[in-house]
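Here is a quick tour for anyone meeting this structure for the first time. Have a look at the picture, then read on.

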Amino acid sequence: MFKKILVPVDPAEPGFAEDALSKAAQLARDYGAKIHLLGVCPEVQSFVASQLPEGWQKREIDETTVILDKIGADLDVPTGAVDCRVRMGSVYHEVIEEAEQSGCDAVLMTSHKPGLSTYFIGSNAAHIVRHAPCSVVVLRPE
């Protein structure tokens with residue numbers, strides 16, 4: 001079974017990852033897997049960033065870290081089974097790179113139901129499934 005599971009969490013919508021977090025916690029309890037939570041803060045174009053208050057990026061990273069730490073602490077898993085990381089960039093690129101760099105052997109994530117926009121441009125989940133260096137499990141909410 002999986003030893004290290006990457007669970008991407010949208011810092012703007014952390015509740016959306018509940019199903020993936022629940023499954024990851026179950027795997028951690030049943031098989032001794034480690035859970036690697038990842039929050040990705042979107043990059044802001046430089047002309048927009050220049051209009052934001054000084055230190056906005058550090059505050060965003062700090063706030064996301066607090067969110068991930070709380071999620072990790074609330075999971076029903078053995079002590080030391082969760083670690084957290086925050087990255088800046090595009091979601092699919094950062095998830096793929098983090099899975100590679102951190103040695104995860106699975107990505108477990110929740111995906112929105114496909115709509116017309118994802119039909120034409122694709123979704124983050126679709127990019128991750130196609131390019132991840134490990135297994136990917138995508139859960140869909142009912």
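Picture the helix pair first: H4 and H6 cross in a right-handed way. Keep in mind that you're looking at a predicted model. In this pair, H4 covers residues 91-102 and H6 covers residues 124-131. Their axes sit 9 Å apart and make an angle of about 30°. On the H4 side, the residues that meet the partner are Val91, Tyr92, Val95 and Ile96, and on the H6 side they are Asn124, His127, Ile128 and His131. Sort that contact by class and you get five nonpolar residues, three polar ones and no charged ones.

H4 also holds Glu94. Is Glu94 buried or exposed? With a relative accessibility of 8%, Glu94 falls under the 20% cut-off, so Glu94 counts as buried. Setting aside neighbours within four places in sequence, Glu94 is in contact with Leu38, Val40, Arg87, Met88 and Gly89.

Now step back to the whole protein. The protein has six helices and five strands, and from the N terminus they run β-α-β-α-α-β-α-β-α-α-β. Of its 142 residues, 37% are buried. Take the contacts with a separation of 6 or more: 79% of them link residues 24 or more positions apart.

The five strands form an open sheet with parallel pairing, in the order S3-S2-S1-S4-S5. At the edges are S3 (82-88) and S5 (135-139), each pairing on one side only. On average, neighbouring strands in the sheet are turned by 25° against each other, ignoring direction. Here are three of the pairings, each with one pair of facing residues:

| Strands | Bridges | Residue pair |
|---|---|---|
| S2 and S3 | seven bridges | Ile35 and Val82 |
| S1 and S4 | two bridges | Ile5 and Ala106 |
| S4 and S5 | five bridges | Val107 and Val136 |

S4 deserves a closer look. How many of its five residues are buried? The count is five of five, and S4 is described as mostly covered. Ala106, Leu108 and Thr110 point one way from the strand, while Val107 and Met109 point the other way, and all of them are buried.

Where do the two helices from the start fit in? H4 lies across S1, S2, S3 and S4, and runs at about 145° to S2. H6, for its part, lies across S4 and S5, at about 155° to S5. That puts S4 in both lists of strands, the one for H4 and the one for H6.

Finally, a word on confidence. The average pLDDT for the protein is 88, and 89% of the residues score at least 70. Which elements sit at the two ends of the scale? Strand S1 (residues 4-9) has the highest mean pLDDT, 97, and helix H5 (residues 116-121) has the lowest, 47. Across residues 116-121 the pLDDT stays below 50, and that stretch has three contacts in the model beyond near neighbours in sequence.

How values were computed: Residues are numbered from 1 along each chain as its sequence is written. This is a predicted model: local features need pLDDT of at least 70, side-chain atom pairs count only at pLDDT 80 or more; totals for chains, interfaces and linings use all residues. Side-chain values use heavy atoms; hydrogens and water are left out. Helices (H or I, at least four residues) and strands (E, at least two) are DSSP runs, numbered from the N terminus. Buried means under 20% relative accessible area, exposed over 50%, partly exposed in between (1.4 Å probe, protein chains only). Contact means heavy atoms within 4.5 Å. Axes are lines fitted to C-alpha atoms, for helices over the stretch in contact, and angles run from 0 to 180 degrees between N-to-C directions. A crossing is left-handed if the near helix is turned anticlockwise from the far one by less than a right angle, and right-handed if clockwise. Ala, Val, Leu, Ile, Met, Phe, Trp, Tyr, Cys and Pro count as nonpolar, Asp, Glu, Lys and Arg as charged, and the others, Gly among them, as polar. pLDDT is the predictor's confidence in each residue, from 0 to 100. Two strands pair if DSSP finds at least two bridges between them.
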